[in-house]
Structures are given as C-alpha cells and as structure tokens.
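Subject: Structure for you, with notes

Hi,

Here is the structure I promised to send over. Please open it next to this email and follow along.

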Amino acid sequence: GIEHTVYRVALIPPLSPLTLLAALAAGFFFGMAALFFAQAAHGVSRLFQKISYAPLRPLVGGMLIAAAVYALQTTKYIGLGIPTISAAFTGLLPPWDFALKFVFTVVTLGAGFKGGEVTPLFFIGAALGNTLGYFLPLPPALLAGIGLVAVFAGAANTPLACTLMAMELFGPGIGVYAALGCVASYLFSGHAGIYHAQRMGAGKPHHEPVDESLRLSEFAKTRKIR
C-alpha cells in the first residue's frame, strides 16, 4: 500500500527559441547550485572534522540545527520536505526556500548525520526552479520539475539518468526541457560532485583537462596541491 508522491507539471509550453534558451539559462543556475552544494557539503564536513572527538560533531551540528529551527519557528527545512516540493508545482514559493534548505542540509550532512542527499537536492532544485519562475519565461511548475532533476544531475554527474527520471515523473513532454537543463547543469557544475568515490570517467568540455582515472576525492587533492 505504499505509494510514491506524485508531482504534476500542468503546463508544458511548445518548444521555441525563447523557451529553449530559458531552459539552458535555468540549467546554468541549477549547475551552480549543484557545484556550490558539493563544495559546501565537503567543506563543512572538513570543518567539523577539526573537532577531534568524533561524537561531539553531530552533537554540535544538532545543536546548531535545533537553534536555527527555534529561531525560524519552522520545521520546513528539516526532514524530507515533501510538502514544500509538492507546493513548488502548485504556486510560487518564497524565493529564499531553496537557500535555507541548502544551508540546513550541508550543516546536517557535514556534522555527520547521514540519511541521504537525494530528496534534499530535489527540494533545493524544485524550490530554485520555482524561484526562477519569477523572471524566466517558463511556467514555475515546469522550472520546478526541471530543477528537481537537474540539480541532482549536476551534483551526481548523471545527466542522462536524470533526464529519463524527469520523463518518468512528469511525462515525455518534458523531455527536451529536462535534457537541456540536466546537461547544462552537468557541464556548469564542473569537476565536482557529492560522491567522492565517483570516478571522473570523462573530462567535461570547457573545463581544465583531468586524469580521467581519478576519483573525485583524488582530483580535489591534486587541485589543493597545485
């Protein structure tokens, strides 16, 4: 009797030069969000590792999160955030939702609480896409759908899988828009990712040449050495 949450994109406009350019522009923002998320998550983790006694790390992180929840008087940005993701497809969200979820998630993960990055990235992507609807000529729900998959595509370096996932979730009509958003996000996110054990496989166009046998963690170390 368990069912997945259903997200619906009510309006998918016809393809045109303007809408295609808008999807590419959105992909740039999604790629930047993916890049910053990966860098922030690893950076905050390194920061917490300066606390030599490991059990203190989640204690300090938990206290920070609890204090932030108390200060904001909302639990909107902890947990999976499914209600907010759903709301991104039915109306306009506050433009700061994606940023606050971003901060809560990187602090939680960096402090040592491991429960998954996938749904939080869906939240960040859908909320950011919804916010882009304030100024890009595409429906906010469509941008939320693209963002839901494209931020993860950039953060996990999986543009093809995420394009297919978009068509599974929202129907084949979103395919071209999702592909543009996911590929642009993948390209603009650079040689970064949330999974440090992931191998480079292939260098990305318009970025510095890399040893394609390296893991992301090994590539990050070579950049520090340089």
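Below is what I found, grouped by region. Please keep in mind that this is a predicted model.

**Helix 6 and what comes after it**

Let me start with helix 6, which covers residues 140-156. With 17 residues at 1.5 Å each, this helix should span 24 Å, and its end C-alpha atoms are indeed 24 Å apart, so the two values agree. Helix 6 does bend, by about 30 degrees, and the bend sits at G147. Most of the helix is covered, with 16 of its 17 residues buried.

Directly after helix 6 comes N157. N157 belongs to the loop between helix 6 and helix 7 (159-170). The phi of N157 is positive, near 60 degrees, even though this residue is not a glycine. As background, most residues other than glycine have a negative phi. N157 has a relative accessible area of 16%, so it counts as buried.

**A second positive phi**

Q73 also deserves a look: it is not a glycine, yet its phi is positive, at about 55 degrees. You will find Q73 in the loop between helix 2 and helix 3. Is Q73 buried or exposed? Its relative accessible area is 60%, and because the exposed class begins over 50%, Q73 is exposed.

**The salt bridge**

How many salt bridges does the structure hold? The count is 1. The partners are K76 and D97, whose closest N and O atoms are 2.8 Å apart. K76 lies in the loop between helix 2 (56-72) and helix 3, while D97 is part of helix 4 (residues 97-110), so the pair ties together parts that are 21 residues apart in sequence. As for their surroundings, K76 is partly exposed at 27% relative accessibility, whereas D97 is buried at 0%.

**Cysteines**

A search of the whole structure turned up 0 disulfides. C162 is in no disulfide, and the nearest cysteine sulfur to it belongs to C182, 5.3 Å away. Why is there no bond from C182 to C162? The 5.3 Å between the sulfurs is too far for one, because a disulfide needs the two sulfur atoms within 2.5 Å. Both residues are covered: C162 is buried at 2% relative accessibility, and C182 is buried at 0%.

**A nonpolar patch on the surface**

If you colour the surface by residue type, look for a nonpolar patch of about 590 Å². The residues that make it are F28, F29, L92, Y134, F135 and F188. One of them, F135, is in the loop between helix 5 (118-132) and helix 6. F135 has 53% relative accessibility and therefore counts as exposed.

**A pair brought together in space**

Finally, here is a contact between separate parts of the sequence. A87 and N130 are 43 residues apart in sequence, but their C-alpha atoms are 9.4 Å apart in space. A87 is found in helix 3, which runs over residues 82-87. With 27% relative accessibility, A87 counts as partly exposed.

If you only have a few minutes, I would open the bend at G147 in helix 6 and then the salt bridge between K76 and D97.

Best wishes

Notes
Residues numbered from 1 in each chain as written. Predicted model: local features only at pLDDT ≥ 70, side-chain atom pairs only at ≥ 80, totals over all residues. Heavy atoms only, no water. Helix = DSSP H or I, 4+ residues; strand = E, 2+ residues; numbered from the N terminus. Expected span 1.5 Å × (residues − 1). Bend = angle between axes of the 7 residues up to and from the residue. Buried < 20%, exposed > 50% of the residue type's maximum accessible area, 1.4 Å probe, protein only. Patch = residues over 30% accessible without salt bridge, like charges linked within 9 Å, V, L, I, M, F, W, Y side chains within 5 Å. Areas by Shrake-Rupley, 256 points an atom, 1.4 Å probe, with all protein chains shown as cover. Salt bridge = Lys/Arg side-chain N within 4 Å of Asp/Glu carboxyl O.
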